Number of protein chains: 2
Amino acid sequence: MSEQIKRLKRELKFKGTILDFYQDTMEINGDHTVVWDFISHKGAAAVVPVTEEGKILMVRQYRNALERYTLEIPAGALDEVGEPGLECASRELEEETGYRSEKLEWLITLRTTVAFCNEKIEVFVARDLIPSKQNLDEDEFIDLKAYTIEELKEKIFSGEIEDAKTVSALLAYDTKYGKRA
Amino acid sequence: MSEQIKRLKRELKFKGTILDFYQDTMEINGDHTVVWDFISHKGAAAVVPVTEEGKILMVRQYRNALERYTLEIPAGALDEVGEPGLECASRELEEETGYRSEKLEWLITLRTTVAFCNEKIEVFVARDLIPSKQNLDEDEFIDLKAYTIEELKEKIFSGEIEDAKTVSALLAYDTKYGKRA
C-alpha cells in the first residue's frame, strides 16, 4: 500500500512558537503528485491523578484555540524532543495540581491527529499524591477540582468533556481499573 | 481567569492545503504579551461501524505524519465548514468501508488537540450495515478488517492503537454498549 504513496520532498513553510508547518509533495501511484500539510510538534505527556478517595484531579482553563473553558486532565509539552514522558508527566502534575507522586504508571500512548501532525502524548496514572506547591507558567491560569470517575463519564457522554486526550485517558483508566456493575 | 489572558490580534502566517497557520498575540495580566500558535481546521467526522456479529470494521492505512501504518476507525474531514457531522460520517463510512447505514447514532464529540487547534470530530455508531461500494479518494489506500471489541481493547493497552479519536471512540462504545463481566 505505501508503495503507492511516496514522499518526494518536505518543505518548511513557517516556524511557529511551538509548531513547525511543512508541506510534503507526495507522489501518488507513480503518475502524479499532491501536496499534504504536515505539522511537527515535540510531543507531550499527561497524567490521571487519583486521590486517596479514588477521585480524579481535573484542571479547568481557558483555551484560546476553542475560545472557551475546558475540563482536562493535567498535561503539558515536553521540554525538548526526547525528554522522557514520565519526567514531563511528573513535572506537569506538580506544576498544575500542586501534588507530587512517586507512583506514576503508564496507561496509554496517544497520537492526537494522525492526518497531519506527529504529536504524541504519553499518559500516566499517578497515585499516592503528596502535597507540594502549584507552580504555573506565567501564561497559565488553572482551576483545580476533584471528580468521581462516574461524574466524569457523564460529562463525556453529555458532550461537556470533548478534549480527546482527556476522553481517552479517563475511559482507559475506567476500563482498566474501574469497578464493573 | 480569562480576563488575565486577552487576544490582541490574530495573524495568518501560512495557508496550507487543509490547514491555516495563525499566530495570536496574547496579553497576559495586562502587562506583557506572548505569541501563541493557532491552527485552523474545518472539522471532521468518524464512525464506529458495527457488523451483525458485533464486530467493528477498522481501516488500516499509511499515515505520512507518523511514517507508519495505523489501525483506525473510518473518518474524514468535512467537505466544508458547517457540513453536518452525520452527513460526513455517512459518506466516509461508505467511501472507506463499502457499507452504508441508515442507523447512525451520535456517540461523542472530540477536540483533537486543544492547546493549538480548533479541530472537532463528531463520532457516530453505525449499525445495520448495507453492502455498497468502497469509493476511496485518489490518494487513499485502505485495508478493511473486522475485530471484536476485546481484540481492539488489547491493542489499545498494548500500545498498538494510539490514534486518539480511535481510542476515545472504541472505549466510549465499549463503556456505553459493551457487556460487563
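Start by selecting B:Asp20: in this predicted model, B:Asp20 is buried, with a relative accessible area of 15%. That value falls under the 20% cut-off, which is why the residue counts as buried. You will find B:Asp20 in strand S2 of chain B. Now show its side chain together with that of B:Lys15: the two side chains make a polar contact at 3.2 Å. To see the rest of the surroundings, add B:Leu12, B:Phe14, B:Phe38, B:Ile39 and B:Ser40, which B:Asp20 touches along with B:Lys15, leaving aside residues up to four places away in sequence.

Next, select A:Phe21 and B:Phe21. The ring centres are 5.9 Å apart and the planes stand at 50 degrees, so this pair is tilted. Colour by chain and you can follow the pair across from one chain to the other: A:Phe21 belongs to strand S2 (residues 20–28) of chain A, and B:Phe21 to strand S2 (residues 20–28) of chain B. How accessible are these two residues? A:Phe21 has a relative accessible area of 0% and is buried; B:Phe21, at 0% as well, also counts as buried.

Keep both rings on screen and add A:Phe14 and B:Phe14. Together with A:Phe21 and B:Phe21, they form one aromatic cluster. Over all chains, a search of the whole structure finds nine aromatic pairs.

For another of these pairs, move to A:Tyr22 and A:Phe38. Their rings are tilted, with 5.9 Å from centre to centre and 40 degrees between the planes. A:Tyr22 lies in strand S2 of chain A and A:Phe38 in strand S3 (residues 32–40) of chain A, so the pair ties together parts that are 16 residues apart in sequence. Both A:Tyr22 and A:Phe38 are buried.

Stay with A:Tyr22 and bring up A:Arg10. The charged end of A:Arg10 sits over the ring of A:Tyr22, 5.8 Å from the ring centre. In chain B, select B:Arg127 and B:Tyr177 for a further arrangement of this kind: B:Arg127 lies over the face of B:Tyr177, 4.6 Å from the ring centre.

Finally, zoom out to view both chains. A turn of 180 degrees, with a shift of 0.0 Å along the axis, lays chain A on chain B with an RMSD of 0.0 Å. The two copies are thus related as by a two-fold rotation axis. To locate that axis from chain A, select A:Ser168: its C-alpha is the nearest one in that chain, 2.2 Å from the axis. Both copies use the same surface, since 100% of the contact residues of chain A recur in chain B.

How values were computed:
Residues numbered from 1 in each chain as written. Chains lettered and ligands numbered in written order. Predicted model: local features only at pLDDT ≥ 70, side-chain atom pairs only at ≥ 80, totals over all residues. Heavy atoms only, no water. Phe/Tyr/Trp six-rings, centres within 6.5 Å; stacked < 30°, edge-to-face > 60°. Helix = DSSP H or I, 4+ residues; strand = E, 2+ residues; numbered from the N terminus. Buried < 20%, exposed > 50% of the residue type's maximum accessible area, 1.4 Å probe, protein only. Lys NZ or Arg CZ within 6 Å of the ring centre and 35° of its normal. Least-squares fit on C-alpha atoms with pLDDT ≥ 70 in both. Contact = heavy atoms within 4.5 Å. Polar contact = N/O pair within 3.5 Å; in protein donor to acceptor, adjacent residues only side chain to side chain.
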